[in-house]
Amino acid sequence: MGVIVDKPCALVTAKVVFIGAGPGQADLITVRGSRLLAQAQVVLFDALADAALHDLAPQADWIDVGKRGFSGKEGSDFNGQTRINQLLVEQAVAIGAVHGERGLVVRLKGGDPSLFGRLEEELHVLHDAGIACEVVPGVTSALAAAAATQRPLTRRGTGRSVSFTTAMTRTGDLQCGMGPGQRADTEVFYMAGRQLDPLSKGLLDAGWPAGTVVSVVSRAGWPDMRHTTHTVTTLGDANSVHAGRPTLVIVGAGATNLPDQPLTHIAPRDTGRDHTPG
């Protein structure tokens with residue numbers, strides 16, 4: 001839902017910078033992100049951002065805009081996004097009135113702003129209001145999970161493609177796979193903690209073999225991260241370990257253990273040339 005904003009005439013507004021805070025502990029933020037955060041007068045921060053990030057901008061006014069799922073209660077996605085859109089414009093105008101173009105409002109998002117972060121809607125409202133903005137990328141939880149479990153998302157010879165899908169939608173519908181007859185070698189499902197049983201069925205319906213390896217990681221990037229492995233048919237067993245925690249599901253090539261043999265076992269591609277010595 002958009003926010004109607006009258007564009008102020010000759011009014012100087014602060015710049016808004018979207019910063020990816022990373023998926024867990026504060027030191028996963030990028031150098032650029034931490035540098036800009038330290039300059040902010042106001043920070044609108046998500047629920048999953050590490051509280052230790054406050055130490056990077058102690059002078060700023062920190063405003064909690066974290067949404068709490070699809071409950072429809074105060075602070076939930078039902079009314080939370082409209083409030084965030086309004087605050088972005090209001091704070092940019094207010095900080096601009098005091099600090100001019102040197103003013104800085106930071107929108108601090110968990111993970112990477114461009115992945116399931118509602119970035120498009122927030123960019124739209126700023127563009128409509130004529131407010132300058134910038135996006136600083138961050139480490140997304142899929143990369144943190146792959147690093148922590150030492151299961152690369154891409155694999156030479158077996159994993160050439162990766163897809164990112166949200167398992168949580170407003171309607172509750174879950175779409176597995178990329179479409180009829182299409183499938184990435186590795187599929188990653190975000191916000192999957194409440195969808196493990198329907199995800200198992202959906203993966204089977206999408207054509208994944210029952211014995212395909214599935215890696216489940218909750219709270220990737222945190223010291224209390226949990227990791228379990230399953231198959232497509234036993235994915236529901238992960239509920240007992242990951243219940244109530246932000247959970248990521250990785251299916252296919254990127255979920256498997258490292259091979260027993262080093263990568264040199266892969267035969268070189270035949271270029272068609274005659275390599276016979278002589």
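**Two open sheets and their surroundings**

In this predicted model, one open sheet is built from 5 strands in the order 6-7-10-8-9, with mixed pairing. Its edges are taken by strand 6 (162-166) and strand 9 (226-231); each has a single partner strand, so one side of each is left without a neighbour in the sheet. On average, and with direction ignored, neighbouring strands of this sheet are turned by 20° against each other. At one of these edges, strand 6 pairs with strand 7 (residues 186-190) in the parallel sense over 5 bridges. Within this pairing, T165 has F189 of strand 7 as its bridge partner. Helix 4 (residues 141-149) packs on the sheet, where it touches strand 6, strand 7, strand 8 (213-218), strand 9 and strand 10 (247-252). The direction of helix 4 makes about 70° with that of strand 10.

A further open sheet also holds 5 strands, here in the order 3-2-4-1-5 and with parallel pairing. Strand 3 (61-64) and strand 5 (133-136) stand at its edges; each has a single partner strand, so one side of each lacks a neighbour in the sheet. From one strand to the next, the twist averages 20°. Strand 2 (residues 42-45) and strand 4 (residues 104-109) are paired in the parallel sense over 4 bridges, and L44 stands opposite R107 in strand 4.

L44 also appears in the largest nonpolar core, which has 20 residues; V16, L44, L126 and I131 are the members that touch the most others. Strand 1 (15-20), strand 2, helix 2 (77-99) and helix 3 each supply at least two residues of this core, and the largest share, 6 residues, comes from helix 2. The surroundings of V16 can be followed residue by residue: leaving aside residues up to four places away in sequence, V16 touches L88, A92, V105, L126, I131, A132, C133 and E134. Apart from this core lies another, of 19 residues, with V17, L53, V106 and L108 among them. As a general point, nonpolar side chains in soluble globular proteins tend to be buried together.

Helix 3 (residues 119-128) deserves a look of its own. Its buried residues are L119, E122, L123, V125 and L126. These residues cover an arc of only 160° around the axis, which means that they lie on the same side of helix 3. One of them, L126, is among the core members with the most contacts to other members. Following helix 3 comes G130, whose phi is positive, near 70°.

Definitions and conventions: Residues are numbered from 1 along each chain as its sequence is written. This is a predicted model: local features need pLDDT of at least 70, side-chain atom pairs count only at pLDDT 80 or more; totals for chains, interfaces and linings use all residues. Side-chain values use heavy atoms; hydrogens and water are left out. Two strands pair if DSSP finds at least two bridges between them. Axes are lines fitted to C-alpha atoms, for helices over the stretch in contact, and angles run from 0 to 180 degrees between N-to-C directions. Buried means under 20% relative accessible area, exposed over 50%, partly exposed in between (1.4 Å probe, protein chains only). The arc is that of the directions from the helix axis to the C-beta atoms. A nonpolar core is a set of buried Ala, Val, Leu, Ile, Met, Phe, Trp, Tyr and Cys residues joined through side-chain atoms within 4.5 Å. Contact means heavy atoms within 4.5 Å.
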